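The following exchange examines how descriptive terms are assigned to a model and which values support them.

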Amino acid sequence: VFQLSVPLNFLGSVYRELRQSLLDMETLFNLQKVNVAIKEPKDAKSLCLTGGEIRFENVTFGYRPDRPILRNLSVVIPAGKKVAIVGPSGCGKSTILRLLFRFYDVQEGRILIDGQDIRDVSLDSLRKAIGVVPQDTPLFNNTIEHNIRYGNMEASAAEVRAAARRAHIHDSIQNFPDGYNTMVGERGMMISGGEKQRLAVSRLILKDPPLLFFDEATSALDTHTEQALLAHINSILKEKKRTSVFVAHRLRTIYDSDVIIVLQAGQVAERGTHDQLVDRAGLYSELWSAQETLFDGGDPETSYPSKPQE
Ligand code: ATP
């Protein structure tokens, strides 16, 4: 019995290791949403970023070709600007981000980054250039430190902590049972939606990509933390002159964007700054008034100052 138990224990640990790496692979694959239909050309060149301008030219796309989500969409996201994409639920805002990552290819038209069709460059260089804070951040079954370092595997412990500080999550981590060594993910400590979002922001700060996307990235935070984090993100974007795209429902989080693009039925319905769009009295101004009314009578925890502050 004794002789047998040793190899069995050994097998048990191999099994656990194997299961752990399979879970990690699963998370990674979900993260990258590997799509075998996406092919890169032989000897694809690396994406060459100059300023970070993104251009959709006559793009038509549907998850099913007979059900287009984006219809002949043409839109320019200027280099170095903060751009927001808003519009009714299901109009294709997150789809725009998925297309930029090349999780799918467009059916018609093309997407250019600094003049290069994204189908002509290597997937690796494309995805390295883009950082995203998604609606729900997948976690690896590993330590909190590993989960942040995923943004840049070469980062030192000090850099990981600096990024966590900038994302306003360092203090929370220090209160976790084992600090930065606390295990998270399915088999570790459960962390809240707001903590996950701040973790995703710290990953992004470590990755420091030229193009940044925020998909409802602060929706799980309380107003105070959200405001503080957004102010911090804004200062990083300004300082580094990064192109950023915010997908948002709550207009209070994006009214200060350089450009706001309003999508409707797969096309650009309106485009301008907050003030221009409010004056225009169209869809944006309707959405803004509806949310203002909601916030004015709303829960103090979720309401914002009644006027945007410059
Ligand atoms: P929301 O504001 O609710 O997040 P959105 O504007 O970001 O919505 P998308 O997520 O881009 O909308 O989805 C656009 C449409 O495409 C929706 O009708 C959605 O149901 C559909 N859709 C999204 N992902 C897929 C998919 N993988 N397969 C099929 N249809 C999908």
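Q: How many Å² does the protein chain expose, and what share do carbon and sulfur atoms supply?

A: This is a predicted model. Its protein chain exposes about 16,300 Å², and 52% of that area comes from carbon and sulfur atoms.

Q: What share of the residues in the protein chain is buried, and how many helices and strands are there?

A: Of the 310 residues in the protein chain, 46% are buried. The chain holds 10 helices and 10 strands.

Q: What makes Gln-197 count as buried?

A: The cut-off for buried is under 20% relative accessible area. Gln-197 has a relative accessibility of 2%, and therefore counts as buried.

Q: Where is Gln-197 found, and which residues does Gln-197 touch?

A: Gln-197 belongs to helix H7, which spans residues 193-207. Leaving aside residues up to four places away in sequence, Gln-197 touches Val-133 and Gln-135, together with Glu-216, Ala-217, Thr-218, Ser-219, Ala-220 and Leu-221.

Q: How do you know that strand E1 and strand E4 pair?

A: Two strands pair if at least two bridges are found between them. Strand E1 (residues 54-61) and strand E4 (residues 108-113) are joined by 5 bridges, and the two run antiparallel. Among the residues involved, Glu-57 has Arg-110 in E4 as its bridge partner.

Q: In what order do the strands of the open sheet stand, and why are E2 and E5 at the edges?

A: The order of the 4 strands is E2-E1-E4-E5, with antiparallel pairing. Strand E2 (70-77) and strand E5 (116-117) each have a single partner strand, so one side of each lacks a neighbour in the sheet.

Q: Which helix lies across E1, E2 and E4, and at what angle to E1 does this helix run?

A: Helix H2, residues 93-100, lies across these strands and runs at about 110 degrees to E1.

Q: What makes the approach of Gly-90 to the ligand a polar contact?

A: A polar contact requires a pair of N or O atoms within 3.5 Å. A backbone N or O atom of Gly-90 is 2.8 Å from an oxygen atom of the ligand, and the pair therefore meets the cut-off. Polar backbone atoms of Cys-91 and Gly-92 also lie by a ligand oxygen atom, at 3.1 Å for Cys-91 and 3.0 Å for Gly-92. On its own the ligand has 640 Å² of accessible area, of which the protein covers 65%.

Q: Which of the 14 residues around the ligand come nearest?

A: Ser-89, Lys-93, Ser-94, Thr-95 and His-249 come nearest.

Conventions
Residues numbered from 1 in each chain as written. Predicted model: local features only at pLDDT ≥ 70, side-chain atom pairs only at ≥ 80, totals over all residues. Heavy atoms only, no water. Contact = heavy atoms within 4.5 Å. Axes fitted to C-alpha atoms, helices over the stretch in contact; angles between N-to-C directions. Buried < 20%, exposed > 50% of the residue type's maximum accessible area, 1.4 Å probe, protein only. Near = heavy atom within 4 Å. Polar contact = N/O pair within 3.5 Å; in protein donor to acceptor, adjacent residues only side chain to side chain. Areas by Shrake-Rupley, 256 points an atom, 1.4 Å probe, with all protein chains shown as cover.
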